[in-house]
Amino acid sequence: MAEVTLLGIAQDGGRPQPLCQKPCCANVGLDERAFPTSMGIKFEDSSTHLFDATRNLGDQLNIWQENLPSHVWLTHAHFGHVDGLGLFGRETIGAKGIILHVSKQMQELIQATPQWAIMLEQGVFTLEVFATGEEISVESETIIPLLVPHRDELSDMHAFIIRGKEKSLLYLPDHDTWEETLSLYGCKLIREWFEKFNIDTAFIDGTFWSQHELSGRSQEEVPHPPVSQTIAHLGSRLPSDAEVFFIHLNHTNPLYDKSSSAFKTVESMGWKIGVQGMKVNL
């Protein structure tokens with residue numbers, strides 16, 4: 001049975017976010033810190049797979065209680081998801097032979113970026129390129145990358161489905177809008193999309209509760225479907241529904257506060273907020 005550990009629930013800047021003096025960050029205690037979104041999976045063959053490499057890699061490996069991942073999978077090139085790659089290099093961990101799974105666009109970016117290209121030369125990473133929709137076997141489990149629309153100024157964006165012996169999990173930390181994502185797969189409803197891919201558990205983009213958190217910027221500049229919109233689309237959870245956990249929470253998101261009306265609304269409808277360190281068996 002594959003074991004999934006959620007290693008972070010914050011948006012790329014973490015919580016507290018650097019230089020933020022607002023109440024959402026000013027009084028965050030050590031036990032309330034949230035690391036950028038990342039996920040670790042240990043499969044039955046004992047291989048260890050890290051999804052996204054953040055600047056808090058050391059803390060996240062301690063949460064996971066694994067020495068080093070044998071595989072790293074990247075969703076896309078935005079800094080919060082890749083800026084931990086350098087920590088595997090000889091200046092810090094000095095790893096060798098980690099298999100780095102990337103899309104074709106990410107491969108081209110890595111090979112064109114000197115700080116990453118030299119890590120390939122040094123044998124820190126070996127690149128493996130995946131195609132969207134490809135079913136990649138890991139013993140009795142399967143990993144499936146799914147292309148989803150998200151700001152692509154650096155690379156494309158892939159969610160991942162992990163199919164274990166008993167359950168399937170969706171890892172979708174970022175995307176632009178539900179309309180674009182669903183349309184790409186010929187679906188009109190979020191439930192329909194989950195059912196299409198037989199999803200039992202979903203870690204999905206919960207960056208903002210509402211557009212009011214954008215501080216003057218438009219949703220076109222910072223595209224993520226607000227949680228309030230997502231739960232309005234879903235309605236209350238039915239017994240047959242996938243179990244949904246919101247992750248990738250911006251530091252401004254009221255869902256960090258369990259006493260907030262936003263948190264109570266999500267839970268009253270049967271949906272959940274991801275918890276750093278939580279485990280799911282597949």
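# A quick tour of two sheets and some odd spots

Strand β8, residues 141-148, is mostly covered, with 7 of its 8 residues buried. Keep in mind that this is a predicted model. β8 belongs to an open sheet of 7 strands with mixed pairing, and another open sheet, running β6-β5-β4-β3-β2-β1-β14, also has 7 strands and mixed pairing. Let's go through each of them, then look at a pair of helices and a few residues with unusual backbone geometry.

**The sheet that holds β8**

- Reading across this sheet, the strand order is β7-β8-β9-β10-β11-β12-β13.
- Its edges are β7 (136-138) and β13 (272-273), and each of these pairs on one side only.

**Around β8: the antiparallel part**

- On one side, β8 meets β7: the two run antiparallel and are joined by 3 bridges.
- Within that pairing, Val-138 sits opposite Glu-141 of β8.
- β7 and β8 also make a hairpin, with 2 residues between the strands.
- Look for Glu-139 in that turn, where phi is positive at about 55°.
- β8 also pairs with β9 (residues 157-163), again in the antiparallel sense, over 7 bridges.
- Here Ile-144 faces a partner in β9, namely Ile-161.

**From β10 to β13: the parallel part**

- β10 (residues 168-172) and β11 (residues 201-205) run parallel, with 4 bridges joining them.
- Tyr-171 has Phe-203 of β11 standing opposite.
- Next along, β11 and β12 are parallel too, and 5 bridges hold this pairing.
- In that pairing, Thr-201 is set opposite Glu-243 of β12.
- β12 (residues 243-247) is a mostly covered strand, as 4 of its 5 residues are buried.
- β12 then joins the edge strand β13 through 2 bridges, and the two run parallel.
- Phe-246 has Ile-273 in β13 as its bridge partner.
- How do you get from β12 to β13? Together with helix α9 (residues 261-268), these strands make a right-handed β-α-β unit.

**The sheet that holds β1**

- The edge strands here are β6 (125-129) and β14 (279-281), each pairing on one side only.
- From one strand to the next, the twist averages 20°.
- β1 (residues 3-8) and β14 run antiparallel and are linked by 3 bridges.
- If you want a landmark in that pairing, find Glu-3, which stands opposite Asn-281 of β14.
- Helix α2 (residues 57-64) lies across three strands of this sheet, β1, β2 (38-42) and β3 (48-51).
- The direction of α2 is at about 145° to β1.

**Two helices that cross: α4 and α5**

- The axes of α4 (residues 104-112) and α5 (residues 114-121) come within 5 Å of each other and cross at roughly 90°.
- The two helices are therefore roughly perpendicular to each other.
- On the α4 side, the contact is made by Leu-109, Ile-110, Gln-111 and Ala-112.
- On the α5 side, the residues making contact are Pro-114, Trp-116, Ala-117 and Leu-120.
- Sorted by class, this contact has 7 nonpolar residues, 1 polar residue and no charged ones.

**Backbone spots worth a look**

- Which peptide bond is cis? The bond from Arg-15 to Pro-16 is, with omega near 0°.
- You'll find Pro-16 in the loop between β1 and α1 (23-26).
- Gln-65 isn't a glycine, yet its phi is positive, at about 60°.
- Gln-65 sits in the loop between α2 and β4 (71-73).
- Is Gln-65 buried or exposed? Its relative accessibility is 69%, so Gln-65 counts as exposed.
- Asn-198 is another residue other than glycine with a positive phi, in this case near 55°.
- The loop that carries Asn-198 lies between α7 (190-196) and β11.
- With a relative accessible area of 52%, Asn-198 is exposed.

How values were computed: Residues numbered from 1 in each chain as written. Predicted model: local features only at pLDDT ≥ 70, side-chain atom pairs only at ≥ 80, totals over all residues. Heavy atoms only, no water. Axes fitted to C-alpha atoms, helices over the stretch in contact; angles between N-to-C directions. Parallel < 35°, antiparallel > 145°, perpendicular 65-115°, else oblique. Contact = heavy atoms within 4.5 Å. Nonpolar A, V, L, I, M, F, W, Y, C, P; charged D, E, K, R; others polar. Pairing = 2+ DSSP bridges. Buried < 20%, exposed > 50% of the residue type's maximum accessible area, 1.4 Å probe, protein only. Right-handed = clockwise from strand over helix to strand, strands pointing away.
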